[in-house]
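Reader: I am new to reading structures. Could you show me how the labels are earned?

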Amino acid sequence: MEAFAELLDRLVLTPSRNGKLKLLTDYFSTTPDPDRGLALAAITGDLSIAAVKPAMLRTLVMERMDPVLFGYSYDYVGDLAETVSLVWPEPPADKKPNHTPTLGEVVGALQSASRSDGPAVLAQLLDAAGISARYAIIKLVTGGLRIGVSARLAKQALAGLGTVDVSEIEEVWHGLDPPYRSLFAWLEGKAPRPEKAARALFRSVMLSHAVEDNDLARIDPADYAAEWKWDGIRVQAVSEGGLRKLYSRTGDEISGAFPDLVEAMTFDGALDGELLVGHPPEHTGTFSDLQQRLNRKSVSPKMRERFPVFVRCYDLLQDGPEDLRPLPLLERRARLEIFVARLDPARFDLSPVIAFSDWSALDNLRRHPPHPVIEGVMIKQKVSPYLAGRPRGPWFKWKRDPYTVDAVLMYAQRGHGKRSSFYSDYTFGVWAGSEGGEELVPVGKAYFGFTDEELRQIDKYVRDNTIERFGPVRSVRADRRNGLVLEIAFEGLNRSTRHKSGVAMRFPRISRLRWDKPAAEADRIETLQALLDEPVAPTSAG
Amino acid sequence: MRARDLLHPRPEGLYCPPGDFFIDPVKPVARALITHGHSDHARAGHGAVLATRETIDIMGLRYGEGFAGSIQAATLGETFDLNGVTVGFHPAGHVLGSAQIAVEHGGIRIVASGDYKRRRDATCAPFEPVACDVFITEATFGLPVFHHPDDRQEIARLLKSVGQFPESAHLVGAYALGKAQRVMKLLREAGFDRPIHIHGALAKLTSYYQGRGIDLGDIEPATLEPGAKSDFAGAIVIGPPSAFADRWARRFPEPISCFASGWMRIRQRAKQRGVELPLIISDHSDWIELTETILETGASEVWVTHGREEALVRWCELAGIAAQPLHLVGYEDEGD
């Protein structure tokens, strides 16, 4: 339990992806079964333990200490799980169990506890554990470790144990259960690959590279097919022998949030496509609309009616018993057209193929797409098989130009790791209010898009123009006469009730430093609001 | 005589009317008794200073010779008569030279403990409880949430990380007086025998510790020729906590920021500062040690100075001990 607790603490404070991978891989390689498998399940969200409500936790601790002292403590720490882990009184030495329970023992005790004796079992475990182990136990029972590690990253770390590629791990993943003994044995070369016992498994997705400067000059347009790049989320719909599953592109199962779609998966096969909302083919909703349906555990009938989802199909990976992935793209496409024709047209349609003669014609289509929910074009080699991962060459994405806006730097925060001595995370705003009473409203935050040299320049500017400091954050001089104008590039805008400005940017980054531009000439909030109301073909907003 | 007549707070600090002296005054006064060398307790500009030899030396290093009109050195265990008031110096275990000051007159003994800790620390003399009527205690970590773990376990975590990330420099923030040298000593005790690199702000005090016979091994300045970042791969670099947010830190490869402080017990504190590897090592007492020390002194009354007074006062109430906050101003609540 101590090793798991230490792992959680380090992961939460380690910003670098490589650092997290190293910590995870080291943990998996030095921790015995079943603890490492249970830890993996806890991180990927696949560990099921009856939840304990915060109120119960509070009751347990109040039975053991002065409520006034607990109140002071909770006020100071601010997090219930952490407070309880710290103030929980150590039992007298003669009553304390002689060893800290292992993660396996903790999970076993919690899973076999009945609803009525759950609190007593939890109290016993907390008595037996040290401070950091107590914190980990409380996090397990109150749900949500929140350590900034995705299931995908955890699988990447598993790949670090041996020579198996992460895409292979993703393919067997959904057929396995905690504590994943057969998986670890395979990864460490001690056993064969686990049998694909389960059906409707995920197939690793094929991804593309962005078009770079000389890419297109080197390839022949006649060898490539093009289609629109839709602005939804990439999904895989798999149905086998009556078992239906919808996966995200990283292999997370998301069927639960889309019962309307799953109901319509009346086929036997595996489809690759874009999840969108609307009524195809006439109406395709924006990404903002789609967001109403994302990250939900359950979905109300009203929500299903207002924001119906459908899949715009790109590819067919499996048709009945036949694996189509080795076939060339054009053959798969022909099969896809026959396959989709048999499905409910309100839930599945085809992503059209775009005819084009040369790259400049396609470039023109990319810049002026016929629909606002298109974010560019995909270019796919006609003979390409469907390959896992991101091979270089067969597939390219060529996105439309981003929107841009000129905003004023308002706050800067120190970065992490390599950037811990730089102010590298920037909050920027645009002007709002009537003439003479203009003020800046923050519209976003960005921490990349600049070169190392530009970072040094902004850092110096921040240090020289600080007006206030709050911990790691500095407030920077920004008024009509003083301020650094940043050209911000972004992919789109969503309405937001959480932000004062009412807008939230997608994928904002710094595209240029406008040392030349006076702060008063930065953009106004109305420019962004107009974009929100009319999400038409992109033009520069600034 | 009432205890309040023997010692009470004034804007300048804690004052003893019959002896006509202050303890750790925050403004210049005619006669000052100083518990230890941290800058919020030991200030320059007093008429006369009475403190341990080490505290006087440390003040000299910080403020230069002539930081006070006259200086008198006290040995731990020694007593003085100041206008009929008996004053004694006893080890506080906080940093090198730190002392509790016992003030006795008219049958009452008050102990002003300054800052103190109860853990073993090879860089200073251990705390000795002094029986008294009134015990004046700090409350920096005066909340039941503060439990300092075994410092060897914290150093082991640091060394484990150094092994896991050999391409990185581990930057350990530690206060220049006491904490930094204690971390060095703990690293040596744990068997780390490579050179330890330090920020320039630590140089004077560290060589003073070494001059007092505390063996810290090979200590080298963290300076380098431009463009040779890899020199510090795998190194442990100790500096004042503020330095790592500074441009100074840019010379180190793949830095991992660490901070040795009792505050690192609270995750949010570590997060706010951007600390990646918090090391819970404190030069103050934790909650259990504060409360046990109060009981050990046998004091019937407790006065609580800087820190989180209210929780410690509440604990005293529950234990049947009279207690009140002193509301002294000018001391850092956050230093550790």
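Author: What follows is a set of short questions and answers about this predicted model.

Reader: What makes A154(A) count as buried?

Author: The test is 20 or more other C-beta atoms within 10 Å of its own. A154(A) is among the buried residues of helix α10 (residues 151–159) of chain A, so it passes that test. K155(A), A157(A) and L158(A) are buried too.

Reader: Why are the buried residues of α10(A) said to line one face of the helix?

Author: Look down the axis of α10(A). The buried residues fall within an arc of 155°, so they line one face. They pack against α2 (17–30), α3 (35–44), α11 (166–173) and α12 (181–187) of chain A.

Reader: What makes β1 (209–210) and β10 (353–354) of chain A edge strands?

Author: Each pairs on one side only. The open sheet has five strands in the order β1-β12-β11-β2-β10 (chain A), and the pairing is mixed.

Reader: How do you know that β2 and β10 of chain A pair?

Author: Pairing needs at least two bridges found by DSSP. Strand β2 (residues 224–230) of chain A and β10(A) have two bridges, so they qualify as a pair. Their sense is antiparallel. E227(A) stands opposite V353(A) in β10(A). Helix α17 (residues 359–367) of chain A packs on this sheet, touching β2, β10, β11 (374–381) and β12 (395–399) of chain A.

Reader: Which strands stand at the edges of the six-stranded sheet in chain B, and why are they called that?

Author: The order is β14-β13-β15-β12-β16-β17 (chain B), in an open sheet with parallel pairing. β14 (219–221) and β17 (277–279) of chain B each have a single partner strand, so one side of each is left without a neighbour in the sheet. The twist averages 30° from one strand to the next.

Reader: What makes β16 and β17 of chain B a pair?

Author: Again, at least two bridges are needed. Strand β16 (residues 256–260) of chain B and β17(B) share three bridges, so they pair. The sense is parallel. C258(B) stands opposite L277(B) in β17(B).

Reader: How many residues of chain B are in contact with chain A?

Author: 30 residues of chain B are in contact with 24 residues of chain A. Contact requires C-beta atoms within 7 Å. The largest share of the chain B side, six residues, comes from α6(B). By class, that side has 14 nonpolar, six polar and ten charged residues.

Methods. Residues numbered from 1 in each chain as written. Chains lettered and ligands numbered in written order. Predicted model: local features only at pLDDT ≥ 70, side-chain atom pairs only at ≥ 80, totals over all residues. Helix = DSSP H or I, 4+ residues; strand = E, 2+ residues; numbered from the N terminus. Axes fitted to C-alpha atoms, helices over the stretch in contact; angles between N-to-C directions. Contact = placed C-beta atoms within 7 Å. Nonpolar A, V, L, I, M, F, W, Y, C, P; charged D, E, K, R; others polar. Buried ≥ 20, exposed ≤ 12 C-beta atoms within 10 Å, placed from the backbone. Arc of directions from axis to C-beta.
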